[in-house]
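Hello,

Here is the structure I promised to pass on to you. Have a look at it first, and then read on for what turned up in it.

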Amino acid sequence: MIDTALFIALASLIILAAFYFSGGRITRRQYSDTLRDLPIGVFSLRSNGRVQMWNRSMEEITGVASERAIRCDLSGLPTPWNGILGEFARSPKDADPRIHLPDEAGPGRWIGLHKAAVESSWRQSTDKVIV
């Protein structure tokens, strides 16, 4: 289980490496590519509650393709993700480190969720990033 501080440090290092290797210029595309390829599940929600970005690790964790998730309201995701992610996105908590995902064939698995509000200067809205 990864905590918020470790995630921020990891993401920062990856973005700094991209910045360094780009000669000090990082484009929005490079930033998006970095988030898409992180080994940690990350998705972002627009202020209207629709999924804006769903990275490859989220595809692996949930079994939901990014093409299906993007522009979808969380309630439109398959069970159990619609309930788990929807409830967490609406809750006032910034973290829920122990969520149990039951499995009929075995003991299930545990996940942790963390979120941050990201203010957009160019859209005048606040989006959410959930890890």
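Let me start with two aromatic residues: Phe43 and Trp54 are both buried. Please keep in mind that this is a predicted model. Searching the whole structure gives one aromatic pair, and Phe43 and Trp54 are the two that form it. Their rings are tilted, with 45° between the planes and 5.2 Å from centre to centre. Because Phe43 belongs to strand E1 and Trp54 to strand E2, the pair ties together parts that lie 11 residues apart in sequence.

Both residues turn up again in the largest nonpolar core, which has 20 residues. Phe43 and Trp54 are among those with the most contacts inside this core, together with Leu74, Leu77, Leu85 and Leu113. Two or more residues each come from strand E1 (43–45), strand E2 (51–54), helix H5 (81–90), strand E3 (95–103) and strand E4 (106–120). Helix H5 gives the largest share, five residues. Leu85 is a good place to look around: leaving aside residues up to four places away in sequence, Leu85 touches Phe43, Trp54, Met58, Leu74, Leu77 and Leu113.

Trp54 has a polar neighbour as well. Ser66, in helix H4, touches Trp54 and Glu59, again not counting residues up to four places away in sequence. Is Ser66 buried or exposed? Its relative accessibility is 13%, so Ser66 counts as buried.

Two charged side chains sit over aromatic rings. Arg98 lies over the face of Trp110, 4.2 Å from the ring centre. Lys115 has its charged end over the ring of Phe88, at 4.8 Å from the centre.

Now to the loop between E1 and E2, where you will find Asn48. Asn48 counts as exposed because its relative accessibility is 53%. A polar atom of the Asn48 side chain is 3.0 Å from the backbone nitrogen of Arg50. Asn48 and Asp73 are 25 residues apart in sequence, while their C-alpha atoms are 8.6 Å apart in space.

Finally, a word on confidence. The protein chain has an average pLDDT of 80, and 72% of the residues score at least 70. Among its elements, helix H4 (residues 66–69) has the highest mean pLDDT, 95, and helix H1 (residues 4–21) the lowest, 61. Where pLDDT is low, the predicted coordinates should not be read in detail.

Happy viewing, and best wishes

Note on methods. Residues are numbered from 1 along each chain as its sequence is written. Side-chain values use heavy atoms; hydrogens and water are left out. pLDDT is the predictor's confidence in each residue, from 0 to 100. Helices (H or I, at least four residues) and strands (E, at least two) are DSSP runs, numbered from the N terminus. A nonpolar core is a set of buried Ala, Val, Leu, Ile, Met, Phe, Trp, Tyr and Cys residues joined through side-chain atoms within 4.5 Å. Buried means under 20% relative accessible area, exposed over 50%, partly exposed in between (1.4 Å probe, protein chains only). Contact means heavy atoms within 4.5 Å. Rings of Phe, Tyr and Trp (its six-membered ring) pair if their centres lie within 6.5 Å; planes under 30 degrees apart count as stacked, over 60 as edge-to-face and the rest as tilted. A charge sits over a ring if NZ of Lys or CZ of Arg is within 6 Å of the ring centre and within 35 degrees of the ring normal. A polar contact is a pair of N or O atoms within 3.5 Å; within protein, one must be able to donate a hydrogen and the other to accept it, and residues adjacent in sequence count only if both atoms are side-chain atoms.
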